[in-house]
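Here are some notes for a colleague who has not yet looked at this structure. Please read them with the model open.

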Amino acid sequence: MSKQYKYPKNWFKHNLIAVPTGFAGGNCSACIFRNAQKYCEKMSCTYVDSAADSVDVASVYWVGRETHANIGTWTELVDFFNTVPKQKIREISNDIKNRAILSRHTQKQK
């Protein structure tokens, strides 16, 4: 029997955007999870960028599609992170991250 979560992964995809930084250091100060370590630790943020001549480690930071001054008051996000297992959140964020990176590389090639 598969477990049903309160918010489907589509909620996550429709509300959060992965922004590639192009370097390994990340941009944690711009990330929506910068003051929410318990949520930050559930996310997938780094990746290996092999599109260049060499293989580099790069990262993304996360933003909301809508402005939220404090994610602690974004009840849907809090409920999502508190009810969905860490591994499932990592899978979803990894998928979104990969799509953002692919899109970035596609735009660079044009």
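In which helix do D95 and R99 both lie, and how many residues apart are they?

1. D95 and R99 both belong to helix α4, with their positions 4 residues apart in the count, about one turn of the helix. The model is a predicted one, and side-chain atom pairs were counted only at pLDDT 80 or more. An α-helix has 3.6 residues a turn, so residues three or four places apart point the same way. The side chains of D95 and R99 form a salt bridge, at 3.2 Å from N to O. R99 counts as exposed because its relative accessible area is 53%, and the cut-off for exposed is over 50%.

2. D95 has another partner, K13, and here the closest N and O atoms are 2.9 Å apart. This salt bridge joins distant parts of the chain: D95 is in helix α4 (residues 86-109), whereas K13 is in helix α1, and 82 residues separate them. D95 has a relative accessibility of 25%, so D95 is partly exposed. K13 is partly exposed as well, at 21%. Taken together, K13, D95 and R99 make up a network of salt bridges.

3. How many salt bridges does the count come to? The count is 3. Besides the pairs already described, K88 forms a salt bridge with E91, the closest N and O atoms being 3.8 Å apart. That distance can be set against the limit of 4 Å used for a salt bridge. K88 and E91 both sit in helix α4, 3 residues apart, which is about one turn of the helix. K88 is partly exposed at 31% relative accessibility, and E91 is partly exposed at 43%.

4. Next, the aromatic residues. Searching the whole structure gives 6 aromatic pairs. One of them is F12 with W62: the ring centres are 6.1 Å apart and the planes stand at 75 degrees, so this pair is edge-to-face. The cut-off for that label is an angle over 60 degrees. The pair connects distant parts of the chain, since F12 is in helix α1 (residues 9-15) and W62 is in strand β3 (residues 56-64), 50 residues apart.

5. Are F12 and W62 buried or exposed? F12 is buried, because its relative accessibility is 0%. W62 is likewise buried, at 0% relative accessibility. The rings of F80 and F81 form another pair, with centres 5.8 Å apart and planes at 70 degrees, so F80 and F81 are also edge-to-face. Both F80 and F81 are buried. A single aromatic cluster takes in F12, F33, Y39, W62, F80 and F81.

6. F80 and F81 also appear in the account of helix α3 (residues 75-83), where the buried residues are L77, V78, F80 and F81. On which side of α3 do these residues lie, the same or opposite? They span an arc of only 160 degrees around the axis, so they are on the same side of α3.

7. Now the pockets. The largest pocket holds about 220 Å³ of space. Its lining is made of 16 residues, and those nearest the centre of the pocket are I32, R34, H68, A69 and I71. By residue type, this lining of the largest pocket has 8 nonpolar, 6 polar and 2 charged residues.

8. The second largest pocket has about 160 Å³ of volume. It is lined by 14 residues, with G26, N27, C28, C45 and V60 closest to its centre. Strand β3 gives the largest share of this lining, 3 residues. The lining of the second largest pocket divides into 8 nonpolar, 5 polar and 1 charged. W62, described above as buried, is in that strand, β3.

9. What, finally, can be said of C45, one of the residues closest to the centre of the second largest pocket? C45 is in the loop between α2 (37-40) and β2 (46-49). C45 is partly exposed, because its relative accessibility is 24%. Although C45 and K97 are 52 residues apart in sequence, their C-alpha atoms are 7.2 Å apart in space.

Key:
Residues numbered from 1 in each chain as written. Heavy atoms only, no water. Phe/Tyr/Trp six-rings, centres within 6.5 Å; stacked < 30°, edge-to-face > 60°. Helix = DSSP H or I, 4+ residues; strand = E, 2+ residues; numbered from the N terminus. Buried < 20%, exposed > 50% of the residue type's maximum accessible area, 1.4 Å probe, protein only. Arc of directions from axis to C-beta. 1 Å grid on protein atoms, 1.4 Å probe; cavity = no way out; pocket = protein on both sides within 12 Å on 5 of 7 lines; lining within 4 Å. Points joined across faces, edges and corners; volume = space filled by probe spheres on them. Nonpolar A, V, L, I, M, F, W, Y, C, P; charged D, E, K, R; others polar.
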